[in-house]
Amino acid sequence: INMMKERMICVVPMTAKEICEAVSGKMLAGDPESIITDICIDSRQAGPGSLFVPIIGEKVDAHKFIAQVLAGDASAVLMSHGDVSYPEKVHIEVTDTVKALGDLAAFYRRKFSMPTIGITGSVGKTSTKEMIAAALEVKYPILKTAGNQNSQIGVPLTLFRMEPSQKLAVIEMGISEYGEMENLVRFVQPDMAVVTNIGEAHIAQFGAKENTAREKLKIAMNFGEGQMLFLNGDDALLRAAAPGQKEKCPVILYGTAADCDYRAEDIHIRDGKNCFTLVCPEGREEIVINQLGIHNVYNALVAIGVAARFGILPKEAKAGLAAYEGIAMRQQINHLRDGIKVIDDTYNASPASVKSGVDVLMQLDNKGRKIAVLGDILELGEISGQCHFDLGMDIGDSGIDEVVTVGREMQALAAGVQRKNPAVIVHSFMSNEEASAYLTENIRGGDAVLVKGSRGMHEEEVVAALRCAFRQEDGNVQDSSC
């Protein structure tokens, strides 16, 4: 979100005339030869050389800031409605500013010939992108998506950061509606693609996982023999799709199944790190990564596979993976007082990512209990209750000691846990404040706690409360809210 508020500096400048043609717009005012050096969607970031693109949001139509932006230093604006406010500055009329932003990004992308890797899937896009980038950066300067800037707005803003010094681009491509992948493919024009998995994320929009799979696989819609598609061979839907995909382009499978091209064997935990033996066309290699969970083994496998296509041997790629430390609010382990460990996995949630979080919790080496604090998983539509209940059944079978739920939907998960294993202690609350109060009173030394929920549930509030309550006396754990 913060990255989307920054100015996207275009190292290769464009003229207003070029932009107008790229977006099929109409020049209402200003000099067509004006030079545009950056793109912004936040009026507060506009400066000399800026093209301001006002986005019409659910609550605010940014067209109302056009006059303010042009009164300052901005050089140009796109607009779908309204009047010319400063005739000496560039005004370009378009039908839809979001579409125009994408059209302009596609135009800018075509100025560069660097190979581009597109990444999609229901869960794990950001961590996969980061691991692929870590493996590639041992040899190449790259462009990668900042954070999870993977939407119809975020992807164009990422592309505007392309510059000649970069040799490869790793672009995260997220969709939540029909037709969105076609747009992203048009913007990104990927040469290689990775599909991480197919899960229940956005199931309310797609209706069934089979539909989700078809939409995600459109990332390779224009692929031929010159492109390559990496699929998670342990995902049933992706494995089933592989033969059809192989008819148009090479397909590489990664996972733990015996026929995967990049396969992990002997997966185990040593000194708090994920270890496994890589078996691949390049040979065998012992791999160690800092991130726990089977999903991070998959991430490492595909990162090594992609890196190999660019001349980076597994023994070289693994050095980049070993140095990778992870992403804030995504399974970040906080070491608190009295040996208490808190896994901050609060950025977002889906049934699959909750399972991954519990997997990591169960792998932690701690002396006390293992406790999962789970907030509602949103956007599951009519199947929300069943998804939560089924997930509860899975968690009840994990060996966990206690589950603390937050929210109305999570009551179904609590019921699933208790149905599967009545021995698991379950407490349900309707607010983070109630859950935090209970936890701070009842957590004991040596306990390990997973905190996870959908973005709208703000489960980071629970993490902050625990960090404050159990912060290290030597000041190693700092929190401005304490």
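The following exchange goes through some terms used for this predicted model.

Biologist: Why is Ser 454 called buried?

Modeller: Buried means under 20% relative accessible area. Ser 454 has a relative accessible area of 4%, so Ser 454 is buried.

Biologist: Where is Ser 454 found, and which residues is Ser 454 in contact with?

Modeller: Ser 454 sits in the loop between strand 21 and helix 16 (460-469). Leaving aside neighbours within four places in sequence, its contacts are Asn 348, Ala 349, Gly 375, Asp 376, Ile 377 and Leu 378.

Biologist: What makes the pair of Ser 454 and Leu 378 a polar contact?

Modeller: A polar contact needs a pair of N or O atoms within 3.5 Å, one able to donate a hydrogen and the other to accept it. A polar atom of the Ser 454 side chain lies 2.9 Å from the backbone nitrogen of Leu 378. That distance of 2.9 Å is within the 3.5 Å cut-off.

Biologist: Why is strand 18 described as largely enclosed by the rest of the structure?

Modeller: Strand 18 covers residues 370-375, and 6 of its 6 residues are buried, so the strand is largely enclosed.

Biologist: Which residues of strand 18 lie on one side and which on the other?

Modeller: Lys 370, Ala 372 and Leu 374 are on one side, while Ile 371, Val 373 and Gly 375 are on the other. All of these are buried, and both faces of the strand are covered.

Biologist: How do you know that strand 18 pairs with strand 21 and with strand 19?

Modeller: Pairing requires at least two bridges between the strands. Strand 18 and strand 21 (residues 448-452) have 5 bridges in the parallel sense, and Ala 372 has Leu 450 as its partner there. Strand 19 (residues 402-406) also runs parallel to strand 18, joined by 5 bridges. Val 404 in strand 19 is the bridge partner of Val 373. Both pairs therefore meet the requirement of at least two bridges.

Biologist: What makes a right-handed β-α-β unit with strand 18?

Modeller: The unit consists of strand 18, helix 13 (residues 384-396) and strand 19. Right-handed means that, with the strands pointing away from the viewer, the path from the first strand over the helix to the second runs clockwise.

Biologist: Why are strand 1 and strand 2 called edge strands?

Modeller: They belong to an open sheet of 6 strands with the order 1-3-4-5-6-2 and mixed pairing. Strand 1 (8-15) and strand 2 (26-29) each pair on one side only. The twist in this sheet averages 30° from one strand to the next.

Biologist: How many bridges support the pairing of strand 4 with strand 5?

Modeller: Strand 4 (residues 50-52) and strand 5 (residues 76-79) pair in the parallel sense over 2 bridges, which satisfies the requirement of at least two. Leu 51 has Ala 76 as its bridge partner in strand 5.

Biologist: Which helix lies across strand 1, and what does that helix pack against?

Modeller: Helix 3 (residues 97-109) lies across strand 1, strand 3 (35-40), strand 4 and strand 5, at about 80° to strand 1. Helix 3 also packs with helix 6 (residues 180-188) at an angle of about 35°, the axes being 7 Å apart. On the helix 3 side the residues are Gly 102, Asp 103, Ala 106 and Arg 109, which meet Arg 186, Phe 187 and Val 188 in helix 6. The residues of this contact divide into 3 nonpolar, 1 polar and 3 charged.

Key
Residues numbered from 1 in each chain as written. Predicted model: local features only at pLDDT ≥ 70, side-chain atom pairs only at ≥ 80, totals over all residues. Heavy atoms only, no water. Buried < 20%, exposed > 50% of the residue type's maximum accessible area, 1.4 Å probe, protein only. Helix = DSSP H or I, 4+ residues; strand = E, 2+ residues; numbered from the N terminus. Axes fitted to C-alpha atoms, helices over the stretch in contact; angles between N-to-C directions. Contact = heavy atoms within 4.5 Å. Nonpolar A, V, L, I, M, F, W, Y, C, P; charged D, E, K, R; others polar.
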